[in-house]
Structures are given as structure tokens and as C-alpha cells.
Amino acid sequence: MLLTVSYRGADPADLGYLLHKHPDRVHDFDLAVGQAHVFYPELDEHSCTAALLLEVDPIGLVRSTRFRGDAATLGHYVNDRPYASGSMLAVALGSVFRTAMTGRSDARPELAASPLDLRIGLHAVPLRGGADLPRRLFEPLGWQLEESTGLLDERFPEWGPSPYASITLHGSLRLGEALRQLYVLLPVLDDAKHYWVADAEVDKLLRAGEGWLPQHPERELISRRYLVHQREYVAAATERLAELDQDTAAGSGAEPGVEGEVGTVEEAARPLNRLRADAVLAALEDVGARSVADVGCGPGALLSRLAVDPRYTRIIGTDVSPAALETAARRLDLAERSDAQRERITLHPSSVTYQDDRIAGLDAIVLMEVVEHIEPERLDAVARSVFGLAKPAAVVLTTPNAEYNSRYPALAAGAFRHPDHRFEWTRAELAAWAGAVADRYGYRVEFRAVGEPDPVLGPPTQLALFRREVAA
């Protein structure tokens with residue numbers, strides 16, 4: 001199996017920094033399914049190409065019970081597994097380019113966070129689901145697709161067309177996002193996996209699909225195929241993807257134009273949940289935070305982004321839901337981390353309305369889409385526990401802007417964006433509450449826009465950044 005990634009830019013050799021693989025070497029990896037090799041067949045002043053070649057051991061697969069082997073069945077020997085790009089290539093991709101998939105590059109951080117001119121080559125891709133399936137999967141993500149197919153065997157035209165195709169994708173995307181898309185969509189094209197699927201696959205799907213899968217028009221088909229039609233897992237994934245998609249239900253109807261502090265025309269196509277996390281991370285960087293608690297962390301979306309950034313030396317996640325914390329732990333792979341990493345990242349159950357000394361004295365506490373889930377009469381308790389008792393150097397709070405709700409076509413007048421919301425503030429209401437809290441507990445507060453603002457209604461999400469005043 002062969003996958004190629006080509007990059008055209010001012011310095012094409014930067015692809016090596018982004019993939020964490022030096023272009024002057026051949027990199028070999030022993031995997032459970034065979035051997036993977038990374039090499040660079042092209043590098044000049046115009047373009048750089050990295051190739052991932054996977055050599056599969058088909059006999060070893062058959063004889064291994066780990067991969068559903070059954071040496072007595074001829075069909076396990078005579079199949080396309082060693083040649084067709086599917087779940088084995090996806091697993092190799094995730095193993096070999098794991099750091100690149102997170103979007104992290106210490107040597108080239110700006111490039112890793114920027115859309116790049118990419119060309120990706122896939123060879124012997126199964127077309128199980130119709131010849132139009134690759135276009136249905138890749139074109140909504142911004143890829144231009146070239147497809148080459150032919151006869152199964154030119155010597156025997158009566159056998160008909162080949163069920164495989166060579167596919168070339170061309171587009172401008174962040175490299176990490178492109179690799180995560182391939183990680184999910186390769187087994188979807190094949191509609192098969194070479195290993196047993198467990199509940200952890202739901203977390204893998206949502207982790208790799210963050211930022212693009214909730215809004216994909218074929219997300220239900222992608223979920224079914226990625227989870228090999230396991231009804232329980234598909235239902236869990238569908239529910240969580242639908243919840244993530246609520247933040248962007250009106251995104252396609254928004255008019256591009258006004259540029260805000262966070263929202264720009266370039267960001268109009270990016271999902272709001274991603275923009276919100278970006279805005280929180282920017283605020284944490286502005287205050288120089290190193291120790292951070294994500295209070296009401298849910299399944300760990302923000303924690304996973306904090307964890308890959310070495311500047312954060314202490315990361316705490318709290319939530320009232322044990323199930324959410326279990327999901328966050330799986331998402332962060334805490335069980336597989338070293339003792340030092342587990343000391344750096346801790347999760348524990350807690351409520352934002354009660355005193356929790358374990359989050360006291362930190363550089364920052366994040367309340368991302370939390371306060372609107374609390375009864376209004378308990379907001380004073382929230383302010384006391386966070387600002388009065390925990391006393392972090394900074395607090396980053398995000399919450400929906402109720403004024404913007406009229407931009408959501410599917411949202412009835414007066415309705416909230418989520419059934420669990422107890423209220424949603426206008427900009428003036430947030431300013432009044434935040435100003436009073438800041439005055440009471442010795443903070444100063446500034447407000448930022450998240451998402452592309454409407455000239456009249458403001459942004460879809462509002463952010464309040466509190467900084468503790470230093471006594472003279």
C-alpha cells in the first residue's frame with residue numbers, strides 16, 4: 001500500500017519538520033500488520049513529496065487471532081488486504097505520523113497551523129459504495145479530486161471494471177487535519193476493518209473527526225462504516241456528533257464580511273467549536289498561563305489541545321459527569337502515558353458551584369460554555385468558588401450570545417441553542433454580570449468576539465477574559 005503527500009511552498013523541505021521525518025533518511029517501522037517505510041522520492045526548490053509504504057504480511061495476519069485470523073478458511077488467504085488502501089494503511093498512518101496528526105510542530109508551529117498547498121496520492125483504493133463515493137467523502141472537505149479507474153483485467157474485458165481506483169487529492173488544508181481525514185476515510189472507503197472494534201473506536205472517530213466530521217453531509221455513513229455497523233457504537237457517535245454540530249447549524253447561512261477580533265472571512269468555513277477553542281487558547285497565551293484547569297471539561301476536547309502543548313506544565317480537568325471524565329481519559333490516552341505525563345494531566349469529578357482546593361492558585365481557570373448550564377440563582381456560588389476561593393490569576397469564560405440566535409434558521413424564536421441551557425445572555429447581560437464579579441473579587445475584564453460577528457447582532461459566541469488585579 002502506498003500513500004504520498006506532496007507540499008508546494010516557499011521552502012518545500014519544511015514538510016520534513018511537519019511530518020517529523022527527515023527527508024535525507026529512510027525511516028522504517030515495525031507494526032502489528034507488517035513493516036512501514038517513510039521516504040522522500042521528491043525534493044527540489046518547488047515541491048517535496050513524502051511516501052508511506054506499507055508492506056503487509058498476509059500469512060501472519062491469517063495466523064494471528066488478534067486480527068480475526070482463521071487459517072482453515074481459504075478466503076483469509078485470497079483477498080486484497082496486502083494491496084488495497086484501507087484500515088491497515090490508516091493504522092500505519094496513525095502510528096507513523098501520530099504527532100503530525102495532532103497539528104504540532106515545535107520547529108514550524110506557524111506552518112503547522114496554516115493551510116498548505118497539498119497533493120495526496122492514494123493507490124488501489126476500494127470503491128465499495130459506488131464510484132461517486134470518493135467525491136461524496138472528500139469534496140465537502142475542500143479537496144479537488146482526480147480519479148483513475150480501468151478494467152479489472154485488460155486481457156479479460158468481460159470481467160468488467162475494476163473495483164479499485166487511484167485517487168489524487170489537491171487542496172489547501174492544514175496538514176494535521178488532512179491526515180486525520182485520511183485516518184477516518186480510508187476504512188470508510190473500504191467499509192471494513194482488520195481488527196475488532198470496541199467502544200474506544202467512538203472516541204478515536206470523534207478525536208480524528210474534530211473540526212470537520214460534525215458538519216460533513218455524509219457523517220452518518222462515515223460513522224456507520226468506521227464503526228463497522230455496530231449499532232450501539234454508531235448510536236453513541238451519532239448523538240455526540242449531533243451535539244457538536246449544534247454550534248454550526250447556522251454557519252452555512254451566515255454572510256461573510258465583517259472582521260472581528262477572532263472571526264474573519266477566512267474562518268467563515270471553520271466550525272464554531274473550533275473557533276471557540278482557538279480563542280480560549282489565544283487568551284491563555286496572552287496571560288502567559290502554564291497551569292490551567294478546564295472546569296466543566298466534558299469529554300476533553302480542550303484538554304486534548306492543551307496536552308500537546310508543552311508550555312502547559314499542569315493541566316486539570318473537572319466535570320460533574322463521571323462518564324464525561326472517562327471519555328476524556330480515553331481521549332487523552334492517560335492509561336498509556338508515562339508517570340510524569342499522568343502527573344502533568346489530572347482529571348477529577350467536581351462542581352463549579354462548590355469550593356475545590358485542587359484548582360486553587362492556578363494561572364488560569366477556563367469556563368468554556370459552562371455558565372449557561374447553571375441555574376441563574378446559583379451563579380453567585382459559581383463566582384464565589386472560582387473568583388473568591390480558587391483565585392486564579394486569570395479566568396477565561398465563553399458563552400453563547402443570545403442576540404445572534406436569530407441567525408440560526410432551525411432555532412425557534414426564544415429557544416436556546418441546547419436543551420440543557422438554563423439561560424443565554426445578550427452582550428449587555430454578560431457585561432453587567434462580568435463587570436460586577438470583577439469589581440467584587442478584584443479582577444479587570446475585557447470582552448472578545450468568537451466567530452464572525454454580525455454588524456448588528458454581534459458574534460455567535462462571546463468571551464470574557466478576567467485578570468486578577470495586583471495589589472499596589
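Reader: Why are α15 and α16 called oblique to each other?

Author: Keep in mind that this is a predicted model. In it, the axes of helix α15 (residues 379–390) and helix α16 (residues 427–441) cross at roughly 45°. Angles under 35 degrees count as roughly parallel, and roughly perpendicular runs from 65 to 115. The crossing fits neither class, and α15 and α16 are therefore oblique to each other. The crossing of these helices is also right-handed.

Reader: Which residues make the contact of α15 and α16?

Author: On the α15 side you'll find Leu379, Asp380, Ala383, Arg384, Phe387 and Gly388. Trp433, Val437, Arg440 and Tyr441 come from α16. Sorted by kind, the residues of this contact are six nonpolar, one polar and three charged.

Reader: What makes α8 and α13 roughly perpendicular to each other?

Author: It's the angle again. Helix α8 (residues 200–208) and helix α13 (residues 322–331) have axes that cross at roughly 70° and come within 10 Å. The class runs from 65 to 115 degrees, so α8 and α13 are roughly perpendicular to each other.

Reader: Which residues of α8 and α13 meet there?

Author: Asp203, Leu206 and Arg207 of α8 meet Thr327, Arg330 and Arg331 of α13. Here the split is one nonpolar, one polar and four charged.

Reader: Why does Pro349 count as exposed?

Author: Its relative accessibility is 53%. Exposed means over 50%, so Pro349 counts as exposed.

Reader: Where is Pro349, and what does Pro349 touch?

Author: Pro349 sits in strand β10 (residues 345–349). Setting aside residues up to four places away in sequence, Pro349 touches Asp319, Leu325 and Arg358. There's also Gly317: Pro349 and Gly317 are 32 residues apart in sequence, yet 8.4 Å apart in space, C-alpha to C-alpha.

Reader: How many residues are in the largest nonpolar core, and which have the most contacts inside it?

Author: That core has 68 residues, and Leu52, Leu122, Phe138 and Val184 have the most contacts inside it. Helix α7 (residues 175–190) gives the largest share, 10 residues.

Reader: What is Leu122 in contact with?

Author: Apart from its neighbours within four places in sequence, Leu122 is in contact with Leu2, Leu3, Phe138, Ala165, Ser166, Ile167, Leu169, Leu182 and Leu186.

Reader: How many residues are in the second, separate core?

Author: This one has 31 residues, including Ala277, Ala307, Leu325 and Leu334. You've already met Leu325 as one of the residues that Pro349 touches.

Methods. Residues numbered from 1 in each chain as written. Predicted model: local features only at pLDDT ≥ 70, side-chain atom pairs only at ≥ 80, totals over all residues. Heavy atoms only, no water. Axes fitted to C-alpha atoms, helices over the stretch in contact; angles between N-to-C directions. Helix = DSSP H or I, 4+ residues; strand = E, 2+ residues; numbered from the N terminus. Parallel < 35°, antiparallel > 145°, perpendicular 65-115°, else oblique. Left-handed = near helix turned anticlockwise from the far one by under 90°. Contact = heavy atoms within 4.5 Å. Nonpolar A, V, L, I, M, F, W, Y, C, P; charged D, E, K, R; others polar. Buried < 20%, exposed > 50% of the residue type's maximum accessible area, 1.4 Å probe, protein only. Core = buried A, V, L, I, M, F, W, Y, C linked by side-chain atoms within 4.5 Å.
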